[in-house]
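The following exercises ask the reader to work from the coordinates to a description of strands, cores and charged pairs. Each task is followed by a worked solution.

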Amino acid sequence: MADLLLLTPSSGGPAQVLPALGLLTHRIRVLPVEPSALLEAPEADVVLMDARRDLATARTTCRMLRATGLTVPVILILTEGGLTVLTAEWGVDDLVLANAGPAEVETRIRLVIERFATPAVDSAPEEISAGELTIDASGYSARLRGRHLDLTYKEFELLKYLVQHPGRVFTRAQLLQEVWGYDYYGGTRTVDVHVRRLRAKLGPEHEQLIGTVRNVGYRFDMPKDRRSSLDSGRGTDADAPDDAEPGPATTTTPSRSGDTGTPRETVAR
């Protein structure tokens, strides 16, 4: 028997959300999908998220649960129509259709509990490195040359997403959907504002890490070798090779009459 926490906007009880729950022996607590309720949520072995009718709220809540460091599995309850919008960005561990039978629901609950009970092989925090930039995904922090970058949550998410896909160009609409979510109703201008703030915090020496592709969007450019960048920036006139072949030398000779007329140019042999 497991302790289940059901998050749902419905007031009809667990049997209306997932009828199979009425045939199982698990202990079930029901809470509304509200931030205040989640802060005082009791301990549970599994969280069941009702996403049958409000996909946008369910997605936002699932991501918020992960951001708060939730360490128990989350199972999403949804209809077949909701399968088309479900992605890894939701942060759920399993899903079950609302019309699933009790045997399937029982099996899914048991399997996610067993998976989370298995100790992790590597508990080290996930780090993403790009030159002198280091991102700690689990700690929501970023450092540049060892200096901590004071980033907001969205600035961090935007930087992390770009760094995870180096060289790939994203339109503003794509970044808005992937970082802010499809339920965000602001304009793409929001992306420009956050990119400008990110560049300012990276500093003049590193702001070029976030490149602009004119009329398309943005990308993360992997840091180049400092020496090669210096060499490519040298001028051509001052750096002419020392062994370059000299041009023809010229001398002037007076005219035959010995006067001081215009000198004639002859090529030295």
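**Exercise 1: A central strand**

Strand 3 and strand 4 (residues 74-78) are joined by four bridges and run parallel; strands and helices here are DSSP runs numbered from the N terminus, of at least two residues (E) for strands and at least four (H or I) for helices. The model is a predicted one, in which local features need pLDDT of at least 70 and side-chain atom pairs pLDDT 80 or more, while totals for chains, interfaces and linings use all residues. Residues are numbered from 1 along each chain as its sequence is written, and side-chain values use heavy atoms, with hydrogens and water left out.

Task: Determine which strands pair with strand 3 in the parallel sense, and whether the residues of strand 3 are buried or exposed.

Solution.
- Step 1. Apply the pairing rule, by which DSSP must find at least two bridges between two strands. Strand 1 (residues 3-7) meets this rule, with four bridges to strand 3 in a parallel arrangement. Strand 4 does so as well, also parallel and over four bridges.
- Step 2. Locate facing residues. Leu7 is opposite Met49 of strand 3, and Asp50 is opposite Ile77 of strand 4.
- Step 3. Trace the connection. Strand 3, helix 3 (residues 55-67) and strand 4 form a right-handed β-α-β unit; right-handed means that, with the strands pointing away from the viewer, the path from the first strand over the helix to the second runs clockwise.
- Step 4. Assess burial (under 20% relative accessible area is buried, over 50% exposed, in between partly exposed; 1.4 Å probe, protein chains only). Val46, Leu48 and Asp50 point to one side of strand 3 and Val47 and Met49 to the other, yet all are buried. Because five of the five residues of strand 3 (residues 46-50) are buried, the strand is largely enclosed by the rest of the structure.

**Exercise 2: Nonpolar cores**

Task: Identify which element gives the largest share of the largest nonpolar core.

Solution.
- Step 1. Define the set: buried Ala, Val, Leu, Ile, Met, Phe, Trp, Tyr and Cys residues joined through side-chain atoms within 4.5 Å.
- Step 2. The largest such core has 27 residues, and Leu158, Leu159, Val163 and Leu175 have the most contacts inside it.
- Step 3. Elements giving two or more residues to this core include helix 5 (153-164), helix 6 (172-180) and helix 7 (189-202). Helix 5 gives the largest share, six residues.
- Step 4. A separate core of 18 residues includes Leu48, Ile75, Ile77 and Ile109.

**Exercise 3: Charged pairs**

Task: Describe which salt bridges Asp3 and Asp192 form, and where their partners lie.

Solution.
- Step 1. Count the bridges. With a side-chain nitrogen of Lys or Arg required within 4 Å of a carboxyl oxygen of Asp or Glu, the count is 12 salt bridges.
- Step 2. Asp3 pairs with Arg27, their closest N and O atoms being 2.5 Å apart. Asp3 is in strand 1 and Arg27 in strand 2 (residues 27-31), so the pair ties together parts 24 residues apart in sequence. Asp3, at 27% relative accessibility, is partly exposed, as is Arg27 at 45%.
- Step 3. Asp192 of helix 7 forms a salt bridge with Arg172 (2.7 Å, N to O); Arg172 lies in helix 6, 20 residues apart from Asp192.
- Step 4. Arg189 also forms a salt bridge with Asp192 (3.7 Å, N to O); both lie in helix 7, three residues apart, about one turn of the helix.
- Step 5. Compare accessibility. Asp192 is buried at 14%, Arg172 is partly exposed at 24%, and Arg189 is exposed at 53%.
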